[in-house]
Amino acid sequence: MGSALKPRTARETEDAVKWAAAEEQPLEVIGVGSKRALGRPVQTAHVLDLSDLNGVVSYEPAELVLTVLAGTPIADVEKLVDDNGQELSFEPLDYGPLFGTENGKGTIGGVLAANLSGPRRIKAGAARDHILGMEAVSGRGEIFVSGGKVVKNVTGYDLPRALCGSFGTLAVATEVTLKVNPKPETSATFQIEGLDDQAGVAALCAALGSSAEVSGAAHLPFDLGGSKSRTVLRLEGFETSVDYRFKTLEKLLGRQGSVSRLAEEQSVDLWRGIRDLQPFTGKNTPVWKVSVAPTSGPQLVRMLKERIDIRALYDWSGGLVWFSCEDGDDHSDFVRSAVKNVGGGHATLVRAEASTRTSLPVFMPQPAPLAALSARLKEQFDPKGILNPGRMVAGR
């Protein structure tokens, strides 16, 4: 019969992994399990539950550095920094609503394991760009520390960054140190209504190439709940700067459609909805995440719509396309063929039934040289394959 292992310290985590390695007992590594439906299903007899690794180790607001245990709820982390006038600038998206669970329940370790980033990534970078250091336990059952606890420290970055996005298949993070940033004084959204996908993405790209310093650039076609499409650009900073940059966008894009301004409260709500994929919640239809060249996004959606009933959303200036397959089929082969035909990219099946996620590659299959490199990395960190086996790739 399987068991749940709940370590409270890094040393207890090390002991648990060391036992699993010695006995060759695979472990499903989770925080609170909020992202269990992301990636391929993991079938193991034992669960390594990190939810008791919870709490703030140190926080130095003046130094913009925060160190927390990996099982700390992301909601607690965001509230702590917000209370100090700061933020996690990579704006981690919350998959809870998409998977039909409560929002705000994930952990900081899970956020980094999946390298979750929201609309602000176009300006602030991904989650991995904000990690300064990490303490973790490898699949060999060995504790290691990499990186540092000061913003100026640039040594040891590569290892923590490599672990971000590995979905717990290389090592078990026990403690993480993050860079935080001051929260903007205010924010607003520049909105144009009525543009088609091609024109909307072109407007986003033009804005990103301007001096407006936008921190969010998304296009919402009319079939995502509105009577008209919306092309939206977020502006953050001091109020006078936001006002000036709004006027810059008016001069640049004002003739393309009906322009309006969303004040701070409306703007925050809008971008939270985009971040957490609100248009796709409340259903169980397959949802894809596709990264392509921004100008290829509309071409991809047009190609898909010729054969599939989809609803799409463009983020990251059109470089990130989210879409749901409304007929309930994942259309995996056709989706990946279409991505190839528009010049290449990366397609991930984010939401689907467990049986579907077991039978086909959830993540884009890697080219042979990169797959070989990934396999060698797995061999170095987890030679017996006990950490989240099969989560990303079948068989390892």
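**Note on the two main pockets of a predicted model**

1. The chain has a mean pLDDT of 93 (predictor's confidence per residue, from 0 to 100), and 96% of its residues reach 70 or more. Residues 151–157 fall below 50; beyond near neighbours in sequence, this stretch has 13 contacts in the model (heavy atoms within 4.5 Å). Where pLDDT is low, the predicted coordinates should not be read in detail.

2. Basis. This is a predicted model in which local features need pLDDT of at least 70 and side-chain atom pairs pLDDT 80 or more, while totals for chains, interfaces and linings use all residues. Residues are numbered from 1 along each chain as its sequence is written, and side-chain values use heavy atoms, without hydrogens and water.

3. The largest pocket (an open set of 1 Å grid points, over protein atoms alone, where a 1.4 Å probe fits, with protein on both sides within 12 Å along at least five of seven lines) has a volume of about 1200 Å³, the space filled by probe spheres set on points joined across faces, edges and corners. It has 43 lining residues (an atom within 4 Å of a point). Closest to its centre are Gly 165, His 346, Phe 363, Gln 366 and Met 392.

4. α12 gives the largest share of that lining, six residues (helices are DSSP H or I runs of at least four residues, numbered from the N terminus). The lining of the largest pocket divides into 26 nonpolar, eleven polar and six charged residues (nonpolar: Ala, Val, Leu, Ile, Met, Phe, Trp, Tyr, Cys, Pro; charged: Asp, Glu, Lys, Arg; polar: the others, Gly among them).

5. The second largest pocket holds about 840 Å³. Its lining has twelve nonpolar, nine polar and 15 charged residues. α8 gives the most, six residues.

Notes: Helices (H or I, at least four residues) and strands (E, at least two) are DSSP runs, numbered from the N terminus.
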